[in-house]
Amino acid sequence: MTPRIESDEHKALREAVATLGRKYGREYITRTIAEGRAPTELWQEAGKLGYLGVNLPQEYGGGGGGIAELSIVLEELGAAGSPLLMLVVSPAICGTVIARFGTEEQKRAWLPALSDGSRLMAFGITEPDAGSNSHRITTTARRDPDTGDWLLTGRKVFISGVDMADAVLIVGRTEDARTGRLKPCLFIVPTDAEGFHKHPIDMELKAAEKQFELVLDDVRLPADALVGDEDAGLLQLFAGLNPERIMTAAFAIGMGRYALSKAIEYARDRTVWKTPIGAHQAIAHPLAQAHIDLELARLMMQKAAHLYDAGDDIGAGEAANMAKYAAGEACVRAVDQAVHTLGGNGLTREFGLASLITAARVARIAPVSREMILNYVSHQTLGLPKSY
C-alpha cells in the first residue's frame, strides 16, 4: 500500500517502522491492555531508534523532519497492530508547540527527552462544558502579584496518558490587561505539582492508554511555565491542534489497514463450496472499496502534513480537518467490513477484530467530531453562513 509519490527516505522509514511494529504486533498491545499497563517497551525502543522525535529539531535531539515523517511512524505501527496513541500527544502536539514557541530553556529541558522517550507530556484542552471550544474554556490562570507566579484553576476531561506523563501541556485562559477579555494560553504543568489531581475515567473502550479527569486547584507555576507569548493566543494553540488532526488521521489509517489486512488474509484462505470466499464479488468489492477509501484518506493526510511542514498554517488547517474526517470514515468502514468478512469469527477473541469496532469510532469523535469538521468546511471553505 506504499504510494509511489513517496521519497526513498520516506519509504525506508515506513519499512523500518513496520519492522518494529511487527516485532511487537497486536498481541503485545492486547497483553498490555489485559495487564492494565502502558506499552512501555515499545515506546522506549521507538525512542532509542529515533522514531518518537523524528519531527523535532536536530539541535535538540530530534530527527529534523516534520509531521509528514511522524505520521508515517504512527500509521505503520498501527498497520502492524501496535499503535502508540501518545505519539499524537507527546511529540506531535506538545513537542511541536515547544519547538515553535518555547523558550530556549523549555526546548532544552523537554525536546531531547521527548525525542528519546525518557519523558512524556500529555495535552489538556477538553473541558466538561466546552469540549474543544477554546472560546468556552474556563480553566483560568492569574498572576500572583507578589511573586509573579501563575495560579491555575479548572477542570479537564478525557486527557490521555496522564499516568505515563511527567507533565501536561494545559490550555488555560489569562485576562488581557487592556481589554479584560480572556485569551487562551499554554502552560507546562508537572503532574506532581501541588493542587494537581488526576482521576481515571472508567471507559468501556479498552486501550493501553488510560483517560483521566484533571482537577487543578490553584496549581502554582513559575512564570516560565508559560509557553510562548502571552498575547499569541490561538496561533500557538492551533500550532498543536493541526498536527493532532493529522496524526489522528494516521492513527485511523493504520487501524483500518490492520483490519483490512486480516480480512484479506481470511478471504483468501477461507473456502466454502471449494472456492475461497474472496473470489465472490460480494466479499471482494467491499474490501477493494475499503482499500480505496484508506488510500484516498492517506493522500489528504500527506497533503495536510506537507502544508503544515511548509509553514502554511491556514492551508494545513483546512487539509488537516479534511484528512481527519476522511480517515475516520474510512477506518470505521474498513473495520466494519473486516468483521463482516469474517462473520462469526470476526467477533471472536482469536481474531482480535471485535475490539476495533469501538476503537475505530474514536477517530470519528476525537479530537473533534465529524460534525464540527463539516461545520468548519461549510463556512471556512465553502463560505456558507455559520449556524453557531
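Is Tyr28 buried or exposed? Tyr28 is buried, with a relative accessible area of 4%. The views below are close-ups of a predicted model.

**View 1. Tyr24 and Tyr28 pair within helix 1.**
Both tyrosines belong to helix 1, which covers residues 8–35. They are four residues apart, about one turn of the helix. The structure holds three aromatic pairs. In the Tyr24 and Tyr28 pair, the ring centres are 4.8 Å apart and the planes meet at 70°, so the geometry is edge-to-face. Tyr24 counts as buried because its relative accessibility is 15%. Tyr28 is buried too, at 4%.

**View 2. Trp150 and Phe187 form an aromatic pair.**
This pair is edge-to-face. The distance is 5.2 Å centre to centre, with 70° between the planes. Trp150 sits in strand 3 (residues 150–160), and Phe187 sits in strand 5 (residues 182–190). The pair therefore ties together parts that are 37 residues apart in sequence. Both Trp150 and Phe187 are buried.

**View 3. Met121 is among the residues of the largest nonpolar core that touch the most other members.**
The core has 113 residues. Leu87, Met121, Phe123, Leu152, Leu169, Phe187 and Phe196 touch the most other members. Helix 6 (residues 234–269) gives the largest share of this core, 17 residues. Beyond its neighbours within four places in sequence, Met121 is in contact with a set of residues that includes Met86, Val89, Cys94, Ile98, Leu114, Leu169 and Ile188. Trp110 is also one of the contacts of Met121.

**View 4. Arg119 places its charged end over the ring of Trp110.**
The charged end lies 3.7 Å from the ring centre. Trp110 also touches Met121, shown in the previous view.

**View 5. Cys185 has no disulfide partner, and the structure holds zero disulfides.**
Which cysteine sulfur is closest to that of Cys185? The closest one belongs to Cys94, 16 Å away, which is too far for a bond. Cys185 counts as buried because its relative accessibility is 2%. Cys331 is another buried cysteine, with a relative accessible area of 0%.

**View 6. Gln211 makes a side-chain polar contact with Ser160.**
Gln211 lies in strand 7 (residues 211–221). The contact with the Ser160 side chain is 2.9 Å. Gln211 is buried, with a relative accessible area of 14%. Leaving out residues up to four places away in sequence, Gln211 touches Leu85, Phe158, Ile159, Ser160, His199, Pro200, Ile201 and Met203.

**View 7. Phe158 and Asp218 have positive phi values.**
Phe158 is in strand 3. Its phi is near 55°, a positive value in a residue other than glycine. Phe158 counts as partly exposed because its relative accessibility is 46%. Phe158 is also one of the residues that Gln211 touches. Asp218 is in strand 7. Its phi is about 50°, although Asp218 is not a glycine. Asp218 is partly exposed as well, at 36% relative accessibility.

**View 8. Ile277 sits in the loop between strand 10 and helix 7.**
Strand 10 spans 275–276 and helix 7 spans 281–309. Is Ile277 buried or exposed? Ile277 counts as buried, at 11% relative accessibility. Outside its neighbours within four places in sequence, Ile277 contacts Tyr266, Ala267, Arg270, Val272, Ile283 and Thr341. Ala259 and Ile277 are separated by 18 residues in sequence. In space they are 17 Å apart, C-alpha to C-alpha.

**View 9. Ala18 and Glu76 are 5.2 Å apart in space, C-alpha to C-alpha.**
In sequence, 58 residues separate them. Ala18 is in helix 1. At 7% relative accessibility, Ala18 counts as buried.

**View 10. Helix 9 has buried residues that other helices help to cover.**
Helix 9 comprises residues 354–365. Leu356, Ala359, Ala360, Ala363 and Arg364 are buried there. Their cover includes helix 1, helix 6, helix 8 (313–342) and helix 10 (370–381).

**View 11. The peptide bond from Ala366 to Pro367 is cis.**
Omega is near -5° for this bond. Where does Pro367 lie? Pro367 is in the loop between helix 9 and helix 10.

Definitions and conventions:
Residues are numbered from 1 along each chain as its sequence is written. This is a predicted model: local features need pLDDT of at least 70, side-chain atom pairs count only at pLDDT 80 or more; totals for chains, interfaces and linings use all residues. Side-chain values use heavy atoms; hydrogens and water are left out. Helices (H or I, at least four residues) and strands (E, at least two) are DSSP runs, numbered from the N terminus. Buried means under 20% relative accessible area, exposed over 50%, partly exposed in between (1.4 Å probe, protein chains only). Contact means heavy atoms within 4.5 Å. Rings of Phe, Tyr and Trp (its six-membered ring) pair if their centres lie within 6.5 Å; planes under 30 degrees apart count as stacked, over 60 as edge-to-face and the rest as tilted. A charge sits over a ring if NZ of Lys or CZ of Arg is within 6 Å of the ring centre and within 35 degrees of the ring normal. A disulfide is a pair of cysteine sulfur atoms within 2.5 Å. A nonpolar core is a set of buried Ala, Val, Leu, Ile, Met, Phe, Trp, Tyr and Cys residues joined through side-chain atoms within 4.5 Å. A polar contact is a pair of N or O atoms within 3.5 Å; within protein, one must be able to donate a hydrogen and the other to accept it, and residues adjacent in sequence count only if both atoms are side-chain atoms.
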